Amino acid sequence: MLLIPCPYCGLRPELEFSYGGQAHLVRPGADAAPGDPAWNAFQYERSNDKGPHAERWRHVHGCSQFFYVVRDTTTDQIIRSYKRGES
């Protein structure tokens, strides 16, 4: 089982969390209409690189906060976690 360090509550088992996908995606501006390449890229294209990967998580069965985790996808080792607004 993966142990995730919640920046608000501390180290907890992954069963308490919900995965939110790739972190730090930028939504297209208001002028982008559905079908525009920028909008399609935002909705469907994700990087799937080996190595460190920034992810968004929510501590559903705890503080209910969203936060970010940098995890190595080849080893599942969590490198760090941090609150929204931090980098």
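Two strands count as paired if DSSP finds at least two bridges between them. Keep that in mind for the tour, which goes through a predicted model.

**Stop 1: the sheet**

Select β5, residues 66-72, together with β6. These two strands pair in the antiparallel sense, over five bridges. To see one facing pair, pick Val-70 and look across to β6, where Arg-80 stands opposite.

Now add β3 and β4 to the selection. The four strands form an open sheet in the order β3-β4-β5-β6, and the pairing is antiparallel. Which strands stand at the edges? They are β3 and β6, the latter spanning 78-83. Each has a single partner strand, so one side of each is left without a neighbour in the sheet. Turn the view to look across the strands: neighbouring ones are turned by 30° against each other on average, with direction ignored.

**Stop 2: the hairpin**

Go next to β1, residues 3-6. β1 and β2 form a hairpin, with three residues between them. The two strands run antiparallel and are joined by four bridges. Select Leu-3 to find Pro-13 of β2 standing opposite.

Show the side chains of β1 and follow them along the strand. They alternate: Leu-3 and Pro-5 point to one face and are not buried, while Ile-4 and Cys-6 point to the other face and are buried.

**Stop 3: the nonpolar core**

Select Leu-2, Ile-4, Cys-6, Phe-17, Trp-57, Phe-67, Val-69 and Ile-78. These eight residues make up the largest nonpolar core. Both β1 and β5 supply at least two residues of this core.

Then centre the view on Phe-17. Which residues does Phe-17 contact, leaving aside its neighbours within four places in sequence? They are Ile-4, Cys-6, Arg-12, Trp-57, Arg-58, His-59, Val-60 and Phe-67.

**Stop 4: the cysteines**

Stay with Cys-6, which is buried, with a relative accessible area of 4%. Colour the sulfur atoms. How many disulfides does a search of the whole structure find? The search finds zero. The closest cysteine sulfur to that of Cys-6 is in Cys-63, at 3.8 Å, which is too far for a bond. A disulfide needs the two sulfur atoms to be within 2.5 Å. Cys-63 is in no disulfide either; the nearest cysteine sulfur to it belongs to Cys-9 and is 3.6 Å away. Cys-63 is partly exposed, with a relative accessible area of 24%.

**Stop 5: the salt bridges**

A search of the whole structure finds three salt bridges. Begin with Glu-16 and Arg-12, whose closest N and O atoms are 3.8 Å apart. Arg-12 is partly exposed, at a relative accessible area of 29%.

Move to Glu-55 and Arg-71. Their salt bridge has its closest N and O atoms 2.5 Å apart. Glu-55 lies in strand β4 (residues 52-58) and Arg-71 in strand β5, so the pair ties together parts that are 16 residues apart in sequence. Is Glu-55 buried or exposed? Glu-55 is buried, with a relative accessible area of 0%. Arg-71 also counts as buried, at 14% relative accessibility, because the cut-off for buried is under 20%.

Keep Arg-71 selected and add Asp-76. These two residues form a salt bridge as well, with the closest N and O atoms 2.3 Å apart. Asp-76 is partly exposed, with a relative accessible area of 39%. With all three selected, the view shows a network of salt bridges linking Glu-55, Arg-71 and Asp-76.

**Stop 6: a loop residue**

Finish at Glu-14. Where is Glu-14 placed? Glu-14 is in the loop between β2 (10-13) and β3 (18-22). At 31% relative accessibility, Glu-14 counts as partly exposed. Show what surrounds it: apart from neighbours within four places in sequence, Glu-14 is in contact with Met-1, Leu-2 and Ile-4. Leu-2 and Ile-4 were selected earlier as members of the largest nonpolar core.

For a last distance, pick the C-alpha atoms of Glu-14 and Phe-67. The two residues are 53 residues apart along the chain, and these atoms are separated by 14 Å.

Methods
Residues numbered from 1 in each chain as written. Predicted model: local features only at pLDDT ≥ 70, side-chain atom pairs only at ≥ 80, totals over all residues. Heavy atoms only, no water. Buried < 20%, exposed > 50% of the residue type's maximum accessible area, 1.4 Å probe, protein only. Contact = heavy atoms within 4.5 Å. Axes fitted to C-alpha atoms, helices over the stretch in contact; angles between N-to-C directions. Core = buried A, V, L, I, M, F, W, Y, C linked by side-chain atoms within 4.5 Å. Salt bridge = Lys/Arg side-chain N within 4 Å of Asp/Glu carboxyl O.
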